There are 2 protein chains.
Amino acid sequence: MTRPKSTSAHVQPTLAQLRALIAVVDAGGFGEAAAELNVSQSSLSEAVGKLEDLTGRPLLRRSARGTVPTPAGLRAVGHARSAVQAAGDVLLAAQDDSQLSGVLRVSSFRSGATYLLPPVLVAFRQQHPAVTVKLLDGDRAGAGEQLLRSGQADLALIEGVSAVDLSLTPLLMDDYLFIAPESRGTQPVTVQELAESPLLLSPRGDACFQRIETYLGRLGIDTSSATEFEQDSVTLGMVRHGLGITLMPRLALLPVPDGLVLLPLPEPLSRPLAVATLPWRARLPLIQAFTAALVASLGSASGQTTPLALPVWNQSPKLEPEARG
Amino acid sequence: MTRPKSTSAHVQPTLAQLRALIAVVDAGGFGEAAAELNVSQSSLSEAVGKLEDLTGRPLLRRSARGTVPTPAGLRAVGHARSAVQAAGDVLLAAQDDSQLSGVLRVSSFRSGATYLLPPVLVAFRQQHPAVTVKLLDGDRAGAGEQLLRSGQADLALIEGVSAVDLSLTPLLMDDYLFIAPESRGTQPVTVQELAESPLLLSPRGDACFQRIETYLGRLGIDTSSATEFEQDSVTLGMVRHGLGITLMPRLALLPVPDGLVLLPLPEPLSRPLAVATLPWRARLPLIQAFTAALVASLGSASGQTTPLALPVWNQSPKLEPEARG
DNA sequence: TGACAGGCATCGGTTTTACCGATAGACCGG
DNA sequence: CCGGTCTATCGGTAAAACCGATGCCTGTCA
């Protein structure tokens with residue numbers, strides 16, 4: 001006994017122990033978690049055991065088939081995730097604006113990933129070669145926010161300016177277009193045509209639907225008789241066969257479907273697109289750099305020339321292919 | 001060489017290293033930080049050195065007089081604080097609702113700490129004897145939020161329902177009273193008297209002032225001619241000597257000053273009082289338990305009997321001393 | 001300008017502990 | 001009742017955290 005060690009000094013858990021807990025909970029068992037962490041199973045057992053000694057309470061309920069966290073363990077693992085992420089962010093925060101490195105996980109809806117991000121990625125890769133950008137397709141609505149909050153993504157391209165407790169940077173406004181069968185011709189769209197044509201829209205709960213409903217309401221058009229389809233491609237197919245017309249954001253129309261005419265609306269309507277991140281991570285150099293690259297490529301500065309060469313009639317004919325190998 | 005160890009595997013910093021960085025930044029030097037952490041100075045030097053090796057960049061600028069964080073170090077230490085707090089919260093989260101232990105740091109404005117919290121503390125101490133509640137007086141306005149965000153407090157009694165990105169639980173409404181010199185007598189207050197009396201109020205930037213301005217504006221009374229004083233006690237002294245009248249929340253009037261009459265307003269006005277915490281810590285058993293104790297003692301359930309026996313005339317005479325040793 | 005003082009980095013040596021492989025024990029399905 | 005699967009335990013080893021002592025740097029003062 002060299003030192004009294006001040007009996008029951010308030011010891012804190014080790015990051016390794018917290019990572020062990022997280023891995024076991026995620027993997028559903030010690031063995032699988034050990035494989036994912038590249039450590040031995042006994043290490044994980046000891047680490048979780050230490051943690052349970054510290055808390056004085058079992059965190060995992062072990063059964064032959066499946067290891068599941070106790071209520072206390074469930075609460076604990078959430079804070080453990082925060083601790084591990086924050087510890088990793090310490091390294092990211094220490095990076096300088098130049099000479100960035102690491103992995104950046106970016107979530108985006110499909111059309112954004114397909115048509116918006118490629119030029120941004122090229123420019124960003126040129127400026128920060130040591131950064132690996134990982135694209136996550138967040139297909140369904142709200143998936144981007146979920147990936148951010150669960151710590152599976154660092155940045156998310158999202159629609160709208162909602163999302164409280166997220167840090168948003170607006171990027172561009174995505175114009176809504178009037179879509180009709182090719183046979184309609186390209187004469188300008190009138191409010192009367194909007195009111196008299198059968199409307200095919202996305203489901204009523206959708207943010208798109210809400211926005212269109214408000215827009216048409218201002219024009220005195222009722223949307224209660226609109227037909228709803230889950231998939232945009234289905235809607236477009238219906239329009240192509242003459243069942244009605246629809247309104248869609250320009251970006252949702254890529255790749256450009258055949259047999260349709262895309263026309264500007266009599267009154268402009270658009271949805272805001274933004275890049276989101278967790279507020280306390282917004283200042284990390286990596287995240288700031290990529291956000292800056294997004295703004296530089298898509299933001300208001302480049303709003304002069306539409307970044308998307310969509311064949312929209314009745315617009316000033318300024319088609320500049322700007323091809324890239 | 002037993003294992004290749006996968007050259008430059010992305011190692012994460014140790015919590016001890018992060019605590020070292022935090023302590024040095026807070027203490028302004030290695031020696032003082034070592035004393036506060038009860039470790040040797042060389043340990044801290046090595047720990048911070050390891051951290052700087054990991055980040056590949058100096059985090060502290062050492063000079064003979066004072067050690068100050070570099071820009072990178074400043075960013076890093078913020079995330080380090082988050083990591084350390086989250087790691088500590090893992091232990092708190094694992095606690096069961098019964099058998100709580102630890103230290104709970106509660107911030108409150110002075111009158112709240114003096115007249116609101118004591119019965120709550122007695123009840124809470126009886127229910128959770130192993131918990132040490134530490135009271136922090138956050139005197140100036142907004143200090144509670146600041147203490148929460150800087151990690152120096154776990155709960156804060158605050159005024160208002162503002163404070164986005166904080167988790168709020170409303171507690172009670174604190175009525176505003178009309179205060180005049182004793183010589184005025186106790187006849188009911190009229191709007192005309194409010195309009196014709198010289199107003200003595202808190203400074204214009206204050207939340208109290210804003211609330212009173214809105215209230216009086218609804219009654220058609222202008223506040224531009226009001227006199228402003230920094231200290232409530234000064235205001236009350238001026239009122240006592242007949243320089244004018246004022247409006248103050250009931251709680252701000254404790255202890256009850258002599259030589260004044262306190263009367264209800266012609267139209268009721270009140271400020272909301274709430275207990276706040278960081279959103280991601282709101283589910284910690286310790287914090288939930290104390291919040292529950294606050295609600296049980298001060299919340300709407302006990303709203304029937306006013307918890308404060310203030311001598312307000314022109315009210316139903318229900319004076320129940322309810323003395324406590 | 002030179003010596004002093006305060007404060008941090010470096011250096012061996014010691015102790016702690018994180019990690020491993022192997023093995024024993026617990027549990028479920030057959 | 002037995003085999004398969006999963007976790008806890010046990011020595012042993014290697015890494016690293018920690019310490020006291022010492023050297024170095026810098027700013028200060030005579």
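**Figure 1. Surface near DNA strand C in the predicted model of chains A and B with DNA****.** A residue is near a strand if its C-beta atom, placed from the backbone, lies within 6 Å of that strand, and helices are DSSP runs of at least four residues, numbered from the N terminus. In this predicted model, the elements that each supply at least two residues of the surface near DNA strand C are α3 (41-55) of chain A together with α2 (30-37) and α3 (41-55) of chain B. The largest share, 5 residues, comes from α3(A). Of the 22 residues around the strand, those that come nearest are A:S40 and A:S42 from chain A, and B:G29, B:S42 and B:S45 from chain B. Sorted by class, this surface has 11 polar residues, 6 nonpolar residues and 5 charged residues.

**Figure 2. Surface near DNA strand D****.** Around DNA strand D there are 23 residues, of which A:G29, A:S42, B:S40, B:S42 and B:S43 come nearest. Two or more residues are given to this surface by each of α2 (30-37) and α3 of chain A, together with α3 of chain B. By class, the surface near DNA strand D has 12 polar, 6 nonpolar and 5 charged residues.

**Figure 3. Packing of helices α1 and α2 in chain B****.** Helix α1 of chain B, residues 15-27, packs with α2(B) at an angle of about 120°, and the two axes are 8 Å apart. Because of that angle, α1(B) is oblique to α2(B), and α1(B) passes α2(B) in a right-handed crossing. On the side of α1(B), the contact is made by B:R19, B:A23, B:V24 and B:A27, while α2(B) contributes B:F30, B:E32, B:A33, B:E36 and B:L37. The residues of this contact divide into 6 nonpolar and 3 charged, with no polar residues.

**Figure 4. Contact between chain A and chain B, viewed from the side of chain B****.** The contact takes 28 residues from chain A and 28 residues from chain B. On the side of chain B that touches chain A, at least two residues are supplied by each of α1, α3 and α4 (71-94) of chain B, and α4(B) gives the most, with 15 residues. By class, that side of chain B has 16 nonpolar residues, 6 polar residues and 6 charged residues.

**Figure 5. Annotated domain in chain A****.** An unreviewed UniProt entry places the feature "domain: HTH lysR-type" at residues 13-70 of chain A. In the model, this span is 62% helix and 10% strand, and its end C-alpha atoms lie 18 Å apart.

Methods:
Residues numbered from 1 in each chain as written. Chains lettered and ligands numbered in written order. Predicted model: local features only at pLDDT ≥ 70, side-chain atom pairs only at ≥ 80, totals over all residues. Nonpolar A, V, L, I, M, F, W, Y, C, P; charged D, E, K, R; others polar. Axes fitted to C-alpha atoms, helices over the stretch in contact; angles between N-to-C directions. Parallel < 35°, antiparallel > 145°, perpendicular 65-115°, else oblique. Left-handed = near helix turned anticlockwise from the far one by under 90°. Contact = placed C-beta atoms within 7 Å. UniProt positions renumbered as here; feature names shortened; annotations may be inferred.
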